[in-house]
Amino acid sequence: MSFLIGSTPKMGMGTNLQTRLTDLWHLDGPWLPSEMVQRDGRGNRHGNLSGSLNIHRLVTEGSFDCYVWQALERKSRSFDALYASGASTRELEDVSGATVSYGEVKALATGNPLLLEQANARTEIKRLRLVRAVHLQGVTTAKRNAEQATQLAGGLRRQAGML
């Protein structure tokens, strides 16, 4: 069994560990959600021969960890809102996966189970709003397609009458 310990900058882009990585342990939270994605991406890749990757996040209750994970949750929520504006139905299941995780870790660090419940409720509300937006977009597209089909059918009827 092999172990490798490294910081986010040292284990970032260009570090190829994906062939046999089985477990990834985060001893702290980075300042940016993209850094967490980068960290997890070290092993969560196509070609990982281990079959699965277990990601562990260690936090100390009542410590500065709570602040760091809360900052990550807030930043991730902002980025999710920015990116979700162009979401499609296929993307619905992936939206806010990281935000939920950050909120859960923050709740664990504070020792307050109500924060975990709040994080889950916020995520569900966000998911439902996105489902509604995608549905309304689909309705608009269907109406536009129906109008175009009606116009095309009218044109074809006129053409058939002339023939």
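**Close-up views of a predicted model**

**View 1. G14, ahead of the first strand.** At 68% relative accessibility, G14 counts as exposed, because anything over 50% falls in that class. This glycine belongs to the segment that comes before strand 1 (23–26). Look for R42 in this view as well: G14 and R42 are separated by 28 residues in sequence, yet their C-alpha atoms lie 9.3 Å apart in space. Please keep in mind that the whole model is predicted.

**View 2. The protein as a whole.** Here we step back to take in the fold, which has four helices and two strands. Reading from the N terminus, the order of elements is β-α-β-α-α-α. The protein has 163 residues, of which 28% count as buried. About 11,500 Å² is exposed, and carbon and sulfur atoms supply 57% of that area. Sequence-distant pairings are well represented: taking contacts between residues at least 6 apart in sequence, 76% join residues at least 24 apart.

**View 3. The largest nonpolar core.** Which residues make up the largest nonpolar core? There are five of them, namely M36, W69, L72, Y102 and V105. Helix 2 (65–84) and helix 3 (97–110) are the elements that each give two or more residues to this core.

**View 4. L72 and its surroundings.** L72 is one of the five core residues, and this view shows what it touches. Setting aside neighbours within four places in sequence, L72 is in contact with G29, P30, W31, L32, P33 and Y102. Y102 is itself a member of the core, while W31 sits in the loop between strand 1 and helix 1 (33–41).

**View 5. A nonpolar patch on the surface.** W31, L32, F64 and Y67 together make a nonpolar surface patch of about 440 Å². Is W31 buried, exposed or partly exposed? W31 is partly exposed, because its relative accessible area is 42%, and that class runs between 20% and 50%. You may recall that W31 and L32 also contact L72.

**View 6. Y67, a helix 2 member of the patch.** Y67 is found in helix 2 and contributes to the nonpolar surface patch. Its relative accessible area of 45% makes Y67 partly exposed. How far apart in space are Y67 and T110, C-alpha to C-alpha? The distance is 9.1 Å, although 43 residues separate Y67 and T110 in sequence.

How values were computed: Residues are numbered from 1 along each chain as its sequence is written. This is a predicted model: local features need pLDDT of at least 70, side-chain atom pairs count only at pLDDT 80 or more; totals for chains, interfaces and linings use all residues. Side-chain values use heavy atoms; hydrogens and water are left out. A nonpolar core is a set of buried Ala, Val, Leu, Ile, Met, Phe, Trp, Tyr and Cys residues joined through side-chain atoms within 4.5 Å. Buried means under 20% relative accessible area, exposed over 50%, partly exposed in between (1.4 Å probe, protein chains only). Contact means heavy atoms within 4.5 Å. Accessible areas come from the Shrake-Rupley method with a 1.4 Å probe; for residues, only the protein chains shown count as cover. Patches are made of residues with over 30% relative accessible area and no salt bridge: like charges are joined within 9 Å, nonpolar side chains (Val, Leu, Ile, Met, Phe, Trp, Tyr) within 5 Å. A salt bridge is a side-chain nitrogen of Lys or Arg within 4 Å of a carboxyl oxygen of Asp or Glu.
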